[in-house]
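Here is a brief report on one protein chain. Please look over the sequence and the 3D model before reading on.

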Amino acid sequence: ISLYQENNNAVVRVTDNGSGIPDAMKSKVFAPNFTTKSSGTGLGLAISANMIESFNGKIYFESDENTGTRFFISIPLMKKEESTDVSRVSLEE
């Protein structure tokens, strides 16, 4: 897991060393009810993508078969506003 800044976005990268995502499945990864497991609902990535996109972020991945997958969550940076009592964060206009 790593966190870095790219342009005006904070990017979280999660990397694994699994078997990768086959090309035939790549277009389905964020689809509701898609899973390769015998149990589970297949909603996790679909819900995550919806939440991230609702505040102008994006989630995407790069995958190499037999090497692993890298998921990226890119979220617009926020401007920190200081007050005398409390630190608040708001979206930069």
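## Terms and overall layout

Helices and strands are DSSP runs, numbered from the N terminus; a helix needs at least four residues and a strand at least two. The model is predicted.

The protein has two helices and six strands. Starting at the N terminus, the order is β-β-α-α-β-β-β-β. The chain holds 93 residues, and 18% of them are buried. Its accessible surface is about 7,000 Å², with 50% belonging to carbon and sulfur atoms. Take the contacts between residues at least 6 apart in sequence: 45% of these join residues at least 24 apart.

## The nonpolar core

Which residues form the largest nonpolar core? There are seven: I21, V29, A49, I52, I59, F61 and F71. Two elements, α2 (44-54) and β3 (58-64), give two or more residues to this core.

F71 is one of the core residues. Leaving out residues up to four places away in sequence, F71 touches V12, R13, V14, I21, V29, F30, L45, I59, Y60 and F61. Among the core residues, I21, V29, I59 and F61 appear in that contact list.

## A polar pair between β3 and β4

T69 sits in strand β4, which covers residues 68-76. S63 belongs to strand β3. What joins the side chains of T69 and S63? A polar contact of 2.8 Å does.

Is T69 buried or exposed? T69 counts as buried because its relative accessibility is 4%, and the cut-off for buried is under 20%. S63, at 10% relative accessibility, is therefore buried too.

Now the wider surroundings, again setting aside residues up to four places away in sequence. T69 touches V14, T15, D16, G20, I21, F61, E62 and S63. S63 is in contact with G20, I21, K26, G68, T69 and R70. Both residues thus touch G20 and I21.

## An exposed leucine in β1

L3 lies in strand β1, residues 2-6. L3 is exposed because its relative accessible area is 64%, where exposed means over 50%. Beyond residues up to four places away in sequence, L3 touches A10, V11 and V12.

How far apart in space are L3 and S74? The C-alpha to C-alpha distance between L3 and S74 is 9.8 Å, although the two are 71 residues apart in sequence.

## Two loop asparagines with positive phi

Most residues other than glycine have a negative phi. N7 has a positive phi of about 55 degrees, although it is not a glycine. N7 is in the loop between β1 and β2 (9-15). With a relative accessible area of 65%, N7 is exposed.

N66 also has a positive phi, of about 70 degrees, and is not a glycine either. Where does N66 lie? N66 is in the loop between β3 and β4. N66 is exposed, at 70% relative accessible area. The polar pair described above involves S63 of β3 and T69 of β4, so N66 sits in the loop that lies between these two strands.

## The largest pocket

The largest pocket holds about 470 Å³ of space. It is lined by 21 residues, and the closest to its centre are F34, T35, T36, K37 and L45. L45 is also one of the residues that F71 touches.

Which elements each supply at least two residues of the lining? α2 and β4 do.

Technical notes
Residues numbered from 1 in each chain as written. Predicted model: local features only at pLDDT ≥ 70, side-chain atom pairs only at ≥ 80, totals over all residues. Heavy atoms only, no water. Buried < 20%, exposed > 50% of the residue type's maximum accessible area, 1.4 Å probe, protein only. Contact = heavy atoms within 4.5 Å. Areas by Shrake-Rupley, 256 points an atom, 1.4 Å probe, with all protein chains shown as cover. Core = buried A, V, L, I, M, F, W, Y, C linked by side-chain atoms within 4.5 Å. Polar contact = N/O pair within 3.5 Å; in protein donor to acceptor, adjacent residues only side chain to side chain. 1 Å grid on protein atoms, 1.4 Å probe; cavity = no way out; pocket = protein on both sides within 12 Å on 5 of 7 lines; lining within 4 Å. Points joined across faces, edges and corners; volume = space filled by probe spheres on them.
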